[in-house]
Amino acid sequence: MEDRLQRLRDLLAADRLSRPAAAVRLVCERCLVELSISGAGATVLSHLPGVDSDDDRLGRGLVYATNAVSAGLEDLQLTVGEGPCLDAFASGGPVLVADLAAETARWPAFTRAACDLGAAAVFSFPLEVGVVRLGSLDLYRDTAGPLTRVELADALILADLATQGVVADLDGHDTEDVSWLADPHVEVHQAAGMVQVQLGTTTDVALMRLRAHAFTHDLPLAEVARRVVGRTLRFTDDKDGH
Amino acid sequence: MGDVTGRVPGGARDQRLASTFVALADTLVADFDVLDFLGLLTERAVELLAVDAAGVILSDQRGGWRPAAASSEHAHLVEVFAAQTKQGPCLDCVRTGAVVTSADLADERRRWPQFAPVAVSAGFRAACAVPMRLRDDVIGALTLLSAEPVAIDDASVALGRALADVATIGILQQRAIRHDEIVAEQLQTALHHRTVVEQAKGVLAELGGLDMHQAYTALRAHARAHRRRLSEVAHDVATGALDPNTLLSDPATVPGA
C-alpha cells in the first residue's frame, strides 16, 4: 500500500518539477497515464466558500480537463443538476459506472447527453474531508467496462492526492504530509470539530488553521491535533495556542 | 452504554442472540446507515461473546485498513484499534483470510512487537480476529478483545464468524451483489461517514465539555431518538445545520450515560 502511494506521490512530484501546474491538473494528467480511461476532469474550489454559503454545486469552482469531452462532462453535471459527481458528493463515496448507457433511469438527462459527448463509462471521486467539500475528480472512458481493482486503488490514491493538493492550494501550505487524509487515529478530524467551536467558524476554516499552526510550528499535523484533543492547545481568534 | 454490559449465561444467550439478529435485520431495511449498523453489531458482540471489546476494520481499497466501528469510543480502545490497522491479529486475519487468535497478548511481543504492548497497556490480554469475507475477498475484520488471558472459546469464535458475515451483508446493504463497484462505493462511503462523525464528535466535545465517547453517545442517542441516520445527524452537527446546543440540551440525548 505504502508502495503505491509512494510511487504515485513521487511521480506527481516529478511531474510538478517538469511543468509547474496546479496539483489537480497534474493529477488529471497522471490519471490518464495510469488508468484505462479516455479523459479526466475535475471541478475544485478556488477559495473557501465562507460561512454564508451552502453551495453544494461548486458553481464557482475551477475546472480542469484533459480533453474537450471531459470539459463537457464537468459542465454538463452543473447544467443538468444530476450525474455521478453530484451523487458522489451526496454519498461521500465514489460513483463507479462501468456501463453508462444502462443508467438512464438513474440520471435521464445526464446519461443521454454524456453518451452523446462520447462517454461510455464514468467514474467520479469526491474530493472531501468529512463535511469539507473541495471538489470532484471525474474520469470517463469511451468504451464500457469497469476499472480493475488495481486501477481503483490507484484512482482512490490519486483522488487523495488531489484532495491534498486542493487544500494546499487553498491555504498556501504545501506540505508533504498526506497521512492526515486517512489518519486511523482520527484525531485530526476531532480536532477540526473542536477548533471550529473555539473559533466560531466552519470545519474547513478550522482545518486550514490546524494546518497553518502545524506549518508555522514545524509540527506534524497529527501532533497538533493530539494537543487539541488533549486540551493542551486551544485556538483563539488572533493567535493559536496558549 | 459503557462498561456495564453483563455477560449473558446459558439459555439467556440464545434469546439474546435471537434478539440481536432481529435488531440487526431491522436496521438492514431501507436506507440504513452502515456505521450505525456496525456500531450496534460491535456492541452486541461484546454482550454475546463474553468479551470486553469489539471492533470492525474495513479495507480502504488502497491496500490499507481503517477502523470503522468499535463497541466503545473510549480513547484507550480507539488507540488499540488504530494500532491494529498496522500490526496485530486483525491485520494478520485480513491478510490471510483466516481466524487469528491469541490467548495471551503479553506473550506476543515477538509476534507483534508494536501491537502487543499497546493492547496490553490498554488492558487487553486475549484477542480473536474474524475475517469479513465476500467470495474470494476479505473486506474487513471483526476483532474481539478480552481483559482475561484466556483463549476466546470456540462457541464465541463461531458466533463471531456469524456476526462477521452479517456485517459483510450490512456493507452490501440490501442491494444484490451485482458488481464489485457497489462494494467499493459502500466501503468508501462508510469511511467517509466515519470522518464526518469524528468532526461532529469534536464539535460536541468542545461545546459540551465531553470526552469523545460521550460525544459519540450523544450523537447516537439523538439519531436514535429522532429516527435519523447517525451520519446525517453528524453531518448536520458539523455543518451547523443542526444547532449542537439543541442536541446537547435534548432530553433524549444523555451524554455520559
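This passage goes through the two chains, their domains and a few elements of chain B in turn. The model is a predicted one, and everything below should be read with that in mind.

Chain A is a good place to start. Its secondary structure comes to nine helices and five strands, and from one end of the sequence to the other they follow the order α-α-β-β-α-α-β-α-β-β-α-α-α-α. Of the 242 residues in chain A, 49% are buried. As for how the chain folds back on itself, take the contacts in chain A between residues at least 6 apart in sequence: 63% of these link residues at least 24 apart.

Chain A splits into domain 1, covering residues 2–171, and domain 2, covering 179–229. Between the C-alpha centres of these two domains of chain A there is a distance of 26 Å. Where the domains meet, domain 1 of chain A puts in 11 residues and domain 2 of chain A puts in 12 residues. On the domain 1 side of this contact, H6(A) makes the largest contribution, with five residues. Sorted by class, that same side of domain 1 of chain A holds six nonpolar, three polar and two charged residues.

Chain B is also cut into two domains, with domain 1 running over 10–174 and domain 2 over 193–249. Here the C-alpha centres are 24 Å apart. The contact between them draws nine residues from domain 1 of chain B and 11 residues from domain 2 of chain B. On the domain 1 side, H2(B) gives the most, namely three residues. The residues on that side of domain 1 of chain B break down as three nonpolar, three polar and three charged.

Then there is the contact between the chains, to which chain A and chain B each bring 33 residues. On the chain A side, the elements that supply two or more residues are helix H1 (2–18), strand E3 (95–97), strand E4 (121–129), helix H6 (149–171) and helix H7 (187–199) of chain A. H7(A) accounts for the largest share of this side, at nine residues. By class, the side of chain A that touches chain B is made up of 20 nonpolar, 11 polar and two charged residues. H6(A) therefore turns up twice, since helix H6 of chain A is on the list for the chain contact and H6(A) also gives the largest share of the domain 1 side within chain A. Turning to single elements of chain B, helix H6 spans residues 154–172, and its 19 residues reach 27 Å from the first C-alpha to the last, close to the 27 Å expected at 1.5 Å a residue. The buried residues of H6(B) are B:Leu159, B:Gly160, B:Leu163, B:Ala164, B:Ala167, B:Gly170 and B:Ile171. These sit on the same side of H6(B), because the arc they cover around the axis is only 150°. B:Asp154 and B:Ala155, on the other side of H6(B), are exposed. The cover over the buried residues of H6(B) includes helix H2 (34–48), strand E1 (53–59), strand E4 (126–134), strand E5 (137–146) and helix H7 (180–208) of chain B.

E1(B), one of the elements in that cover, deserves a look of its own. Seven of the seven residues of E1(B) are buried, so the strand is largely enclosed by the rest of the structure. E1(B) runs antiparallel to E5(B), and six bridges join the two. In this pairing, B:Leu58 faces B:Gly140 of E5(B). E1(B) also pairs with strand E2 (residues 65–70) of chain B, again antiparallel, over five bridges. There, B:Val56 has B:Ala69 in E2(B) as its bridge partner. E1(B) and E2(B) form a hairpin with five residues between the strands, and in this hairpin B:Gln61 adopts a positive phi near 60°.

Last comes B:Thr217, a residue of helix H8 (residues 212–225) of chain B. B:Thr217 counts as buried because it has 23 C-beta neighbours inside 10 Å, where the cut-off is 20 or more. B:Thr217 and B:Thr253 are separated by 36 residues in sequence, with their C-alpha atoms 8.0 Å apart in space.

Technical notes
Residues are numbered from 1 along each chain as its sequence is written. Chains are lettered from A and ligands numbered from 1 in the order in which they are written. This is a predicted model: local features need pLDDT of at least 70, side-chain atom pairs count only at pLDDT 80 or more; totals for chains, interfaces and linings use all residues. Helices (H or I, at least four residues) and strands (E, at least two) are DSSP runs, numbered from the N terminus. The expected span of a helix is 1.5 Å times one less than its number of residues. A residue is buried if 20 or more other C-beta atoms lie within 10 Å of its own, exposed if 12 or fewer, and partly exposed in between; C-beta atoms are placed from the backbone. The arc is that of the directions from the helix axis to the C-beta atoms. Two residues are in contact if their C-beta atoms, placed from the backbone, lie within 7 Å. Ala, Val, Leu, Ile, Met, Phe, Trp, Tyr, Cys and Pro count as nonpolar, Asp, Glu, Lys and Arg as charged, and the others, Gly among them, as polar. Domain bounds come from an automatic or database domain assignment. Two strands pair if DSSP finds at least two bridges between them.
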